[in-house]
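This report introduces a structure to a reader who has not met it before. Please keep the sequence and the three-dimensional view at hand while reading.

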Amino acid sequence: MRVNNAEIARLFERVADLLEIEDANPFRVRAYRNAARTIRGYSLSMVELLKQGKDLSELRHIGDDLAEKIQEIVETGDLPILREIEAHTPASLGDLLNVPGLGPKRVKALYQQLDICSIEDLRRAVYSGKIYTVKGFGEATVRSIINRLDRSRPVQRRTKWLDAEKTARPLLRYLNKCKGVKKVTMAGSFRRCKETVRDLDILVSAKLDTSVMQHLSNYPEVARVISMGETRSTILLDDGMQVDVRVIAPESYGAALMYLTGSKYHNIELRTYAHNLGFKLNEYGLFRNAKQLAGETEYDVYSTLGLSYIEPELRENTGEIIAAQTKSLPQLINETDIRGDLHCHTNATDGHASLKSMVNSARKKGYEYISINDHSQRLTVAHGLDKARLLQQLKEIDQLNSELTNFVILKSIEVDILEDGSLDFPDSILKQLDFTVCAIHHKFNLSEKKQTQRIIRAMDNPYFNILAHPTGRLINQRAAYNINMREIMLAAKQRGCVLELNAQPERLDLDDIHCKLAKDLGVKLVISTDAHSQEDLDSMRLGINQARRGWLEATDVLNTLPLTQLKRQFKRI
Ligand code: DGT
Ligand code: CA
Ligand code: CA
């Protein structure tokens with residue numbers, strides 16, 4: 001094993017960081033830090049010194065104990081004490097320590113005072129403003145943390161929700177075919193409709209003596225069985241997705257579904273809530289003095305606890321339990337609330353379907369309106385429309401509209417926001433449209449200040465209506481651009497502009513936290529598919545998923561409005 005000094009030092013530093021967060025003896029913490037410094041700065045490699053039979057305890061700051069540990073690392077590549085400490089600290093604290101600007105002192109304060117254990121927790125605390133209650137987190141610190149978080153967003157390998165669904169569907173069908181199976185349900189982050197999932201969690205309701213697991217192992221897509229028991233198994237599928245399957249008796253189905261749906265933090269909070277009321281809640285049911293009071297359905301469990309039913313999308317421990325107790329949960333938006341799609345392309349630019357086909361599909365979905373938002377001239381890669389082609393399209397729309405009953409095609413465009421914040425068409429053209437969708441498609445790397453100013457300057461134009469895919473991130477591919485979202489939302493509100501929740505499976509931009517922020521700030525949103533084909537119109541449900549995770553109600557979303565009211569919202573002058 002060839003570990004270099006820097007790696008050894010890094011392991012020691014990690015031990016010191018975690019010990020410090022745990023409030024361990026400061027001398028112990030310092031011992032690891034000092035040793036790390038010695039090792040890092042030493043001119044010869046520890047491996048070499050050991051090979052020469054040198055006694056490492058002669059080095060500055062290295063005692064017998066640490067010398068032994070260095071030897072252990074050199075021999076095994078691992079440091080067991082670190083694993084031990086990691087085993088009783090939340091694993092995600094390590095991620096927090098990796099956020100630039102967050103040293104162990106700050107992580108410790110966050111952990112001890114706000115119970116922040118993960119990047120996700122941190123994001124929530126930042127956006128809710130809770131973080132300001134912790135000493136040492138002033139405006140400037142928090143701003144720099146937000147920027148780093150926004151830029152360092154998920155690069156980890158999590159599967160996009162829609163891809164996970166493609167994997168899950170046939171498996172659910174297959175499991176349903178097993179004899180004795182009553183119900184098969186997706187749980188975990190998939191059921192909570194997180195934009196990405198790490199693995200699939202499936203709950204099967206069946207008598208415990210059925211052969212579900214045998215059936216599972218015969219699924220043709222199984223690449224490897226990781227573990228298999230009577231009630232729980234984990235398998236790896238050919239496409240790389242890991243799947244946890246639990247079998248549970250029907251009388252505990254609701255409680256088990258709640259447990260397996262999570263989130264973990266919702267579960268923990270709910271258990272404490274139940275405990276404080278003298279109940280015991282676990283995956284088998286809700287109990288008082290060993291007597292099961294509920295458990296067959298989730299609804300029973302919540303209502304026996306005196307709570308309204310909490311939709312899975314809200315189960316993130318961000319205030320939903322209190323809201324359920326005080327009957328103030330949001331009436332979450334549904335797909336049926338949507339009356340039209342406000343961002344669609346045709347084959348006049350980079351879409352695949354004609355204007356007419358897009359309209360037909362929108363009508364089939366039961367919509368009352370659709371808008372056509374082809375690209376503007378600057379976007380030559382997408383064959384953006386120049387003035388003449390745009391006017392030609394408007395004429396076609398007029399013609400089609402005159403033939404349609406109970407349906408209207410809105411005239412619009414996806415107009416580029418140029419680097420100086422001006423729009424890619426003059427007002428004389430923009431004013432002929434029903435509204436505009438404005439977007440950034442180049443110069444992604446401006447500084448936060450410049451990018452934010454660029455967008456706000458664009459909003460100063462009275463023909464600016466909707467900011468499309470506001471952060472520009474592509475899930476697992478491209479980080480958000482550098483912007484101050486709060487400032488942009490406040491500017492939008494002031495000017496009567498709105499933000500888009502773009503429902504494309506790889507965009508889902510805004511994310512759930514930003515949706516909630518918009519709601520809290522009183523900024524309206526639209527949910528649009530940015531469809532480039534007829535099938536793409538079906539992405540609306542993904543946007544709805546995201547919106548529900550962001551606590552949005554129909555009243556927060558403009559394309560739930562009937563046409564006349566909608567048009568009024570777009571009149572700024
Ligand atoms: P993922 O897979 O990272 O996208 O997210 P989840 O939420 O699906 O997480 P997963 O698959 O590790 O666990 C599935 C559910 O099991 C989770 O949502 C809640 C429950 N669960 C997991 N670990 C714990 C725990 O330590 N305590 C409690 N109370 N519940 C847990
Ligand atoms: Ca999962
Ligand atoms: Ca799992």
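The sections below treat the metal sites, the sheets and the salt bridges in turn.

## Basis of the report

The structure is a predicted model.

## The pair of calcium ions

Which residues supply the protein donors of the calcium ion (ligand 3)? They are D199, D201 and D244, whose OD atoms lie 2.3 to 2.9 Å from the ion, with D199 listed twice. The spacing of these donor residues in sequence follows the pattern D-x1-D-x42-D. D199 and D244 belong to distant parts of the chain, 45 residues apart. D199 sits in the loop between strand 3 (196–197) and strand 4 (200–206), whereas D244 belongs to strand 7 (residues 242–248). D199 is buried, at a relative accessible area of 5%, while D244 is partly exposed, at 23%.

For the calcium ion (ligand 2), the protein donors are D199, through O and OD, and D201, through OD, at 2.1 to 2.8 Å. This site has 6 donor atoms, and the angles among them run from 68 to 163 degrees, an arrangement classed as irregular. D199 acts as a bridge between the calcium ion (ligand 2) and the calcium ion (ligand 3), and 3.7 Å separates the two ions. D199 and D201 are both buried.

## The five-stranded sheet

An open sheet of 5 strands has the order 2-4-7-6-5, with mixed pairing. Its edges are formed by strand 2 (181–186) and strand 5 (222–228). Each of these has a single partner strand, so one side of each lacks a neighbour in the sheet. On average, neighbouring strands in this sheet are turned by 20 degrees against each other, direction ignored.

Strand 2 pairs with strand 4 in the antiparallel sense, over 5 bridges. Within this part of the sheet, M186 faces I202 of strand 4 as its opposite residue. Helix 13 (residues 253–261) packs on the sheet and touches strand 2, strand 4 and strand 7. The direction of helix 13 makes about 175 degrees with that of strand 4.

## The three-stranded sheet

A further open sheet has 3 strands in the order 11-12-13, and here the pairing is parallel. Where are the edges of this sheet? They are strand 11 (340–341) and strand 13 (408–411), each with a single partner strand, so one side of each is left without a neighbour in the sheet.

Strand 11 pairs with strand 12 (residues 369–372) over 2 bridges in the parallel sense. Opposite G340 stands Y369 of strand 12. Helix 17 (residues 355–364) packs on this sheet, where it touches strand 12 and strand 13. Its direction makes about 150 degrees with that of strand 12.

## Strands 17 and 18

Strand 17 and strand 18 run parallel and are joined by 4 bridges. L499 stands opposite L525, a residue of strand 18.

In a regular strand, side chains alternate between the two faces of the sheet. In strand 18 (residues 525–528), L525 and I527 point one way, and V526 and S528 point the other way. All four of these residues are buried.

## Salt bridges

The count of salt bridges in the model comes to 32. One of them joins the side chains of E120 and R124, with an N to O distance of 3.2 Å. Both residues lie in helix 8 (residues 119–128), 4 residues apart, which is about one turn of the helix. E120 counts as partly exposed, at 25% relative accessibility.

Another salt bridge is formed by D511 and R123, whose closest N and O atoms are 3.6 Å apart. This pair links distant parts of the chain, 388 residues apart. D511 lies in the loop between strand 17 (498–502) and helix 22 (512–521), and R123 lies in helix 8. Both D511 and R123 are buried.

E298 and R191 also meet through their side chains in a salt bridge, at 2.8 Å from N to O. E298 is in helix 15 (residues 298–304) and R191 is in helix 11 (residues 188–191), so this pair ties together parts that are 107 residues apart in sequence. E298 is buried, with a relative accessible area of 6%, and R191 is buried as well, with 17%. Finally, a network of salt bridges links D17, E20, R33 and K105.

Definitions and conventions. Residues numbered from 1 in each chain as written. Chains lettered and ligands numbered in written order. Predicted model: local features only at pLDDT ≥ 70, side-chain atom pairs only at ≥ 80, totals over all residues. Heavy atoms only, no water. Donors = N, O, S within 2.8 Å, 3.2 Å for Na, K, Ca; no water. Buried < 20%, exposed > 50% of the residue type's maximum accessible area, 1.4 Å probe, protein only. Tetrahedral: all angles 85-135°; square planar, octahedral: opposite > 155°, others 65-115°. Pairing = 2+ DSSP bridges. Axes fitted to C-alpha atoms, helices over the stretch in contact; angles between N-to-C directions. Contact = heavy atoms within 4.5 Å. Salt bridge = Lys/Arg side-chain N within 4 Å of Asp/Glu carboxyl O.
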